[in-house]
Amino acid sequence: MSKVSYPQMGSYGVPIYFLLSHILEDDIVEPPNITDATLELGSKYSPDFVCTPFKYTLGTMIESLEQGADVLIQMGGGCRYGYYHELQEKILKDLGYSFVLINLVNGGNKISISQLMKAYPLTIQKRHCLKYLYLTKKMVFYMDKIDDYIRQNRCYEQTKGSFNRLKKEMLQEMKEVHSARKLRHIYHTYMSKMKKVPRKPMTKRIRVGLIGELYTLMEPKANEDIEQLLNDYGFEVKRYTNVTYLLFEKRKKVKRYLKHFFIKYRLGADALDNIHHTEELCKKGYDGIIHMKSSFCTPEIAAMPMIEELTQKYDVPVLFFSMDTTTSQTGFLTRIEAFCDMLEMRKS
Amino acid sequence: MDKIKIGIPRGIHYYYFGNFWKYFFEKCNIELIYSPKTTQELVDRGSAIAPDEMCLSMKIYLGHLSYLEGKCDYVLIPRIDRFDKNNQTCTNFLAIYDLAHHYFQTPILNYNIDTHHDLLDGLLELRDLLGISKMELIKAYEYAKEKERQIKEQQEKEQYQKMSEDGKKVLVVSHAYNIHDDFIGGPLEKLLEDNHIIPLYSDYFQEEQTNALARCLSKDLYWKYSRDAIGAIPLCEKVDGIIFLSTFPCGLDSLVYEFVMRSMEKPYLYLVMDDLSSKTGLETRIESFVDLLEQS
């Protein structure tokens with residue numbers, strides 16, 4: 001019997017665990033939360049100027065392997081993400097671990113199920129498998145909706161932490177579901193609970209858009225929990241990038257973006273999406289935009305000049321962050337605070 | 001109608017398509033203007049406009065574009081997405097058209113290569129702009145392809161000749177736009193010659209051959225130009241050492257070279273070039289590498 005593990009990203013560990021525990025007969029090792037120790041491990045064995053998600057995932061993999069995992073799952077994407085797995089496998093094998101690494105997305109942005117089946121033959125029924133795939137998709141969809149709601153309302157809560165507590169409870173309940181109806185029921189209950197959370201009166205409404213590279217945006221450790229920070233300041237936050245968008249909506253939308261836009265071609269990874277979202281945010285009258293990426297993220301670097309041009313055109317302040325494993329929190333906080341103060345001053 | 005002048009920036013694509021363009025446009029009777037060889041001044045120009053974290057090769061390319069600004073009617077910037085599923089390019093190649101469009105005013109002569117469009121399809125779309133008929137264009141295309149093939153064969157022959165010569169030989173593995181650039185690969189070439197080392201270049205071999213050989217080293221690599229580069233390593237078994245040449249901070253090289261170096265048995269040197277003007281560090285590293293080669 002093997003032990004399966006996967007890299008950590010935000011709270012998406014819950015649906016992944018849910019899926020794996022139902023379609024595999026093997027044990028599942030839940031990856032430990034990302035800490036500074038994880039980062040240190042990751043960056044110690046990584047090449048010098050690789051982008052940061054490599055270091056995060058490598059660190060988590062080492063920690064999972066230490067806990068006894070022997071099958072690792074890695075995702076890929078449209079840029080450098082797609083080639084992570086081969087180098088990571090090599091680095092870990094050089095370190096002396098023995099394991100199997102399964103890459104879900106190849107270079108070409110497609111999940112190759114046939115390849116997956118070859119690497120990992122499933123013993124359970126196909127119908128059963130499809131059911132849980134569907135449930136996981138729905139779960140991610142509801143989670144993203146709830147997260148969206150939280151980001152826009154957490155800043156007005158009266159007792160600090162009420163939204164976070166509710167979300168935690170919801171995730172706990174979602175782990176136990178077996179039907180789509182139950183899942184929907186949980187979603188609606190918690191949505192109405194959240195709508196009833198006591199709120200402070202709204203004095204000034206400041207909205208900030210969050211765009212950038214996907215891993216840095218979705219993993220709170222990688223962005224120093226910027227959403228919570230901005231919410232604590234009393235700002236609403238809007239973020240387009242989430243798993244639902246990336247997996248199910250992106251493909252259709254990109255085609256539409258290209259039709260009526262000043263960008264002629266796809267720019268790789270999420271660069272085009274981010275430029276489009278910048279324009280959308282500007283048009284909707286958001287007060288500020290924060291662009292976050294891991295350091296050396298090539299597609300985002302190419303997108304930055306265009307984002308800057310747009311924000312100048314619409315006169316919206318923009319702040320660029322390049323997050324690395326060595327980013328000191330103090331410097332980060334100073335910049336965020338200055339930006340927030342500036343937004344408040346502009347508004348009054 | 002006046003004859004149009006087309007500007008060709010001496011960076012990135014020039015080192016892959018330069019010979020083809022030269023003969024193609026010569027046959028079409030169109031004048032070409034080249035930007036000069038890369039100098040410190042052009043690098044500085046590029047760095048001034050590009051975002052800080054952009055790779056040096058792209059900064060240099062932008063420097064060349066800024067030189068051509070206003071000196072020609074069109075500047076030729078192809079956009080290459082992928083040749084097929086396993087032969088993609090770096091994301092900078094994808095964004096190059098829109099970046100140039102953002103920074104410069106000169107109209108851009110642009111064709112696109114992806115899974116559904118090859119070089120000829122791309123050029124055919126330009127035929128109205130170039131003012132030639134379809135037949136003429138296809139003829140020019142075939143003529144230029146033939147010329148390009150001859151040059152490539154000549155280069156390959158010279159490589160094999162060098163390989164059989166006496167003396168220490170080193171294979172320089174990199175993208176063509178790094179090896180032959182006067183700022184990145186130029187100083188390296190000179191230093192190797194000063195130290196009586198014979199350099200072989202990964203891009204002078206036939207790409208069909210090296211591309212297929214890349215499988216020996218990496219199973220899943222899907223970047224065309226990286227595959228072409230590392231494929232030369234199994235081809236040159238006789239060389240004494242290998243130099244990996246990269247620019248700071250090249251996204252592909254950071255992963256690919258690290259992967260290849262981990263299974264390397266020969267002496268190797270990993271050089272990362274940045275836009276500093278002093279070359280003393282380079283000298284020291286090359287000299288110590290040469291010492292190492294001479295001892296082995």
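Here are a few exercises, with worked solutions, on a predicted model of two chains, A and B.

**Exercise 1.** Work out how many helices and strands chain B has, and how many chain A has.

*Solution.* Start with chain B: go along the chain and you should end up with 14 helices and 12 strands. Now do the same for chain A, where the tally is 14 helices and 8 strands.

**Exercise 2.** What radius of gyration would a compact globule with 296 residues have, and what does chain B have?

*Solution.* Step one: for 296 residues, the globule rule gives a value near 19 Å. Step two: chain B itself has 19 Å, so the two agree. Step three: look at the box around the C-alpha atoms of chain B, which is roughly 65 × 40 × 35 Å along the principal axes.

Now try chain A. With its 348 residues, the rule points to a value near 20 Å, and chain A has 21 Å, which agrees. Along its principal axes, the C-alpha trace of chain A spans about 65 × 45 × 45 Å.

**Exercise 3.** Find what share of each chain is buried, and what share of the contacts links residues far apart in sequence.

*Solution.* A residue counts as buried if 20 or more other C-beta atoms lie within 10 Å of its own. By that test, 42% of the 296 residues of chain B are buried. For chain A, the figure is 39% of 348 residues.

Next, take the contacts with a separation of 6 or more. In chain B, 73% of them are between residues 24 or more positions apart. In chain A, that share is 76%.

**Exercise 4.** Which residues touch the most other members of the largest nonpolar core?

*Solution.* This core has 153 residues, and the ones to pick out are B:Leu171, B:Val172, B:Val173 and B:Ile243. Helix α3 of chain B, residues 56-68, gives the core its largest share, 8 residues.

Now zoom in on B:Val173. Skip its neighbours within four places in sequence, and its contacts include B:Ser202, B:Ala229, B:Ile242 and B:Phe244. B:Ile243, another residue from the list above, is also among the contacts of B:Val173.

**Exercise 5.** Describe the side of chain B that touches chain A.

*Solution.* First, count: 29 residues of chain B are in contact with 32 residues of chain A. Second, find the elements of chain B that give two or more residues to this side: they are α4 (91-103) and α13 (251-261). The largest share, 8 residues, comes from α4(B). Last, sort this side of chain B by class, and you get 13 nonpolar, 8 polar and 8 charged residues.

Methods. Residues numbered from 1 in each chain as written. Chains lettered and ligands numbered in written order. Predicted model: local features only at pLDDT ≥ 70, side-chain atom pairs only at ≥ 80, totals over all residues. Helix = DSSP H or I, 4+ residues; strand = E, 2+ residues; numbered from the N terminus. Rg over C-alpha atoms; globule rule 2.2 N^0.38 Å. Buried ≥ 20, exposed ≤ 12 C-beta atoms within 10 Å, placed from the backbone. Contact = placed C-beta atoms within 7 Å. Nonpolar A, V, L, I, M, F, W, Y, C, P; charged D, E, K, R; others polar. Core = buried A, V, L, I, M, F, W, Y, C linked by C-beta atoms within 7 Å.
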